[in-house]
Amino acid sequence: MGAVRRIALDAMGGDFAPHNEVKGAVAASRLFKGSTPVEIVFIGREAEIRASLKDVDTSGMRYSIAHADDVVTMDDEPSSVIKKKRQSSLYIGVDLHKKGEVEGFVSAGNTGAVMSTATLLLGRIKGVSRPTIGAFFPTEKTGIPTLVLDVGANVDSKPRHLYEFGVMGSIYSSHIIGNENPRVGLLNVGEEEVKGTEVVQQAHELLKNSGLNFIGNVEGRDIFKGSADVVVCDGFIGNIVLKFGESMLGFLKSKIKSYSERGIAQKLSVGAIAPTLKKVLKDIDYQEYGGVPLLGVNGVVIIGHGSSSPMAIQNMLLRAVEVVEKNVNNHIEAALNSPSTP
């Protein structure tokens, strides 16, 4: 790419776009490390982006703007982007990546639309049957999350797909999270090999005979325990687990607030442990992890929540740069096309 690493940001994708995208990008620009400078390419309605840029300090920040008239909404059908919304920030951003003008694409827009557009335009890494979306879950081991995949890209996975998810997740966990020889578990209704559907049992056999550090079946409770570094499942189950997990932060905050409103004594007791509670709840805030990686496409794509805060946008951009710098896709291709691959 040359002397500057360029990352495209869908400035119109989130619920609070482009304000949160701009603030998050500015924050990220202060944290980029490495010898290669990073330029953020804002994709979207230029006038709105420039208006938001006036509210922040961009001194020392490398950025450019690629104008896009249209916006993909959360109500748009994922398949409609290619046909009807080629002037959208989403399409233009992914297309820039396809053309090699940027090295990664980040969006807090319509997840299905990002996944569909990226898969169709960028194609798949050699050896990948289906791309997968992964998400990080906090664990009892402070600072060491569990990567669960798939969490929504594929609702009817075959055994081979689940095996590939394990390979891609293991590589991502190793190179991005820093887990040496990551433990891979298969999400099931019990630990015994005979448990689960025929698809899961066949996937178990593939994973067991692979070169992965496969520890066998794991159950839902093992995710937060950190029993495995990578947990594999189909997207139907994974998305349910993801949405349930994301609801926990709001649930706990609601219960704490309700308790504190019972009386002065309760309010004082909550106030006394407020700093500790804040630190604990921070560990289960999805925004600390930013977005989720779309693994298996021939490019670097990070997808975030529509409600992503500036901090989440910041972390998504940092993650995109890290994935590029550590050549995650090259490692995935090598692993899935080696002579020892089942």
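L9 stands opposite V106 of strand β4, and that pairing is a handy place to start in this predicted model. On β4's other flank, V106 has I302 of β11 as its bridge partner. From here we can walk outwards through the sheet, then into the cores, a well-covered helix, and the empty spaces.

**The sheet**

- Eleven strands make up an open sheet with mixed pairing, and their order is β3-β2-β1-β4-β11-β10-β5-β6-β9-β7-β8.
- The edges belong to β3 (63-67) and β8 (213-218); each has a single partner strand, so one side of each is left without a neighbour in the sheet.
- From one strand to the next, the twist averages 25°.
- Around β4, the pairing with β1 is parallel and runs over three bridges.
- The pairing of β4 with β11 is also parallel, again over three bridges.
- Is β4 covered on its faces, and by which residues can you tell? Both faces are covered, with G104 and V106 buried on one side and F105 and S107 buried on the other.

**The β7-β8 end**

- Strand β7 (residues 183-187) runs parallel to β8, and five bridges join the two.
- Two of the partnerships are easy to find: V184 is bridged to F214 of β8, and L187 is bridged to V218 of β8.
- Four of the five residues of β7 are buried, which leaves this strand mostly covered.

**The nonpolar cores**

- The largest nonpolar core has 54 residues, and F42, L317 and I332 are the ones that touch the most other members.
- Helix α6 (residues 159-177) is the biggest contributor to this core, giving eight residues.
- Another core, of 39 residues, lies apart from it and includes V102, V114, L122 and A228.
- Which residues does L317 touch, leaving out those up to four places away in sequence? They are I7, L9, G24, A25, A28, F32, I40 and V106, so both members of our opening pair, L9 and V106, appear in the list of L317's contacts.

**Helices against the sheet**

- Helix α4 (residues 89-98) has nine of its ten residues buried, so it is largely enclosed by the rest of the structure.
- Those buried residues are S89, L90, Y91, I92, G93, V94, D95, L96 and H97.
- Their cover includes strands β1 (5-10), β2, β3 and β4 (104-107), together with helices α3 (80-84) and α5 (111-122).
- After α4 comes G100, which has a positive phi near 85°.
- Helix α2 (residues 46-53) lies across β2 (38-44) and β3, and runs at about 150° to β3.

**A closer look at V324**

- V324 sits in helix α12 (residues 310-325).
- Is V324 buried or exposed? Its relative accessibility is 12%, and because buried means under 20%, V324 counts as buried.
- Setting aside residues up to four places away in sequence, V324 touches R5, I7, E103 and V300.
- For a sense of scale, V324 and C233 are 91 residues apart in sequence and 26 Å apart in space, C-alpha to C-alpha.

**Cavity and pocket**

- Rolling a probe the size of a water molecule over the atoms shows where empty space is left.
- How many cavities of 30 Å³ or more does a search of the whole structure find? The search finds one.
- The largest cavity has a volume of about 50 Å³.
- Its lining is made of P293, L294, L295, G299, V300, V301, I302, V323 and N329; V300, a contact of V324, is one of these residues.
- Strands β10 (292-295) and β11 (301-303) each supply at least two residues of that lining, and β10 gives the most, with three.
- The second largest pocket holds about 280 Å³ of space.
- That pocket is lined by 15 residues, and L187, T197, V200, D234 and I237 are the ones nearest its centre.
- Strand β7 and helix α7 (198-208) are the elements that give two or more residues to the lining of the second largest pocket.

Notes
Residues numbered from 1 in each chain as written. Predicted model: local features only at pLDDT ≥ 70, side-chain atom pairs only at ≥ 80, totals over all residues. Heavy atoms only, no water. Core = buried A, V, L, I, M, F, W, Y, C linked by side-chain atoms within 4.5 Å. Buried < 20%, exposed > 50% of the residue type's maximum accessible area, 1.4 Å probe, protein only. Contact = heavy atoms within 4.5 Å. Pairing = 2+ DSSP bridges. Axes fitted to C-alpha atoms, helices over the stretch in contact; angles between N-to-C directions. 1 Å grid on protein atoms, 1.4 Å probe; cavity = no way out; pocket = protein on both sides within 12 Å on 5 of 7 lines; lining within 4 Å. Points joined across faces, edges and corners; volume = space filled by probe spheres on them.
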